[in-house]
Amino acid sequence: MANSAQARKRARQSVKQRAHNMTLRSELRTAIKKVRKAVAAGNPEAAAKQLQESQAVIDRMASKRICHPNTAARQKSNLSKAVKALAKK
């Protein structure tokens, strides 16, 4: 339990920040799932369009430090590989 006024305020702030970060993290995960779903459906045009939209979301979350920039780069790379492999078929 927080003993000082400063610690109590930081505890209140951390609850709000955690809730906000959780919504952003959820948005990130949803964007990744949308690309995976489009790839699984087998439609290269839809997958490419979804990839482009999702890359913007992934970059935005990395800049806000919701995820590590290297993690964001890896996710974008893996999604891009999946879309390119689908286009080759």
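At 36% relative accessibility, arginine 60 counts as partly exposed, and this residue is a convenient place to begin a walk through the structure, which is a predicted model. Arginine 60 forms a salt bridge with glutamate 27, and the closest N and O atoms of the two are 3.2 Å apart. The two partners belong to distant parts of the chain, since glutamate 27 sits in helix H1 and arginine 60 in helix H2, with their positions 33 residues apart in the numbering. Glutamate 27 is also partly exposed, its relative accessible area being 34%.

This pair is one of three salt bridges counted in the model. A second one joins the side chains of aspartate 59 and lysine 76, where the distance from N to O is 2.6 Å. Aspartate 59 lies in helix H2 whereas lysine 76 lies in helix H3, so this salt bridge ties together parts that are 17 residues apart in sequence. Aspartate 59 is partly exposed at 37% relative accessibility, and lysine 76, at 22%, counts as partly exposed as well.

Another salt bridge stays within a single helix, for lysine 49 and glutamate 53 both lie in H2, four residues apart, which is about one turn of the helix. Their closest N and O atoms are 2.9 Å apart. Lysine 49 counts as exposed because its relative accessibility is 53% and the limit for that class is over 50%, while glutamate 53, at 37%, counts as partly exposed.

Turning from single pairs to whole helices, one can follow how H2 and H3 lie against each other. The axes of helix H2, residues 44-63, and helix H3, residues 69-88, come within 10 Å and cross at roughly 175°. Angles over 145 degrees count as roughly antiparallel, and therefore H2 is described as roughly antiparallel to H3. On the side of H2 the contact is made by residues including Pro44, Leu51, Ile58 and Asp59, and on the side of H3 by residues including Pro69, Lys76, Leu79 and Leu86. Sorted by type, the residues of this contact comprise twelve nonpolar, three polar and two charged.

Between these two helices runs a loop, and arginine 65 lies in it. Arginine 65 is exposed, with a relative accessibility of 55%. The backbone of arginine 65 deserves a careful look, for its phi is near 60°, a positive value in a residue other than glycine. Most residues other than glycine have a negative phi.

Is serine 54 buried or exposed? Serine 54, whose place is in helix H2, is buried, with a relative accessible area of 1%. A polar atom of the side chain of serine 54 lies 2.9 Å from the backbone oxygen of alanine 31. When residues up to four places away in sequence are not counted, serine 54 touches Ala31 and Val35.

Helix H1, which spans residues 5-41, also contains asparagine 21. Asparagine 21 is partly exposed at 27% relative accessibility. Following the chain from asparagine 21 to lysine 33, twelve residues along, one finds that the C-alpha atoms of the two are separated by 18 Å.

Note on methods. Residues numbered from 1 in each chain as written. Predicted model: local features only at pLDDT ≥ 70, side-chain atom pairs only at ≥ 80, totals over all residues. Heavy atoms only, no water. Axes fitted to C-alpha atoms, helices over the stretch in contact; angles between N-to-C directions. Parallel < 35°, antiparallel > 145°, perpendicular 65-115°, else oblique. Contact = heavy atoms within 4.5 Å. Nonpolar A, V, L, I, M, F, W, Y, C, P; charged D, E, K, R; others polar. Buried < 20%, exposed > 50% of the residue type's maximum accessible area, 1.4 Å probe, protein only. Polar contact = N/O pair within 3.5 Å; in protein donor to acceptor, adjacent residues only side chain to side chain. Salt bridge = Lys/Arg side-chain N within 4 Å of Asp/Glu carboxyl O.
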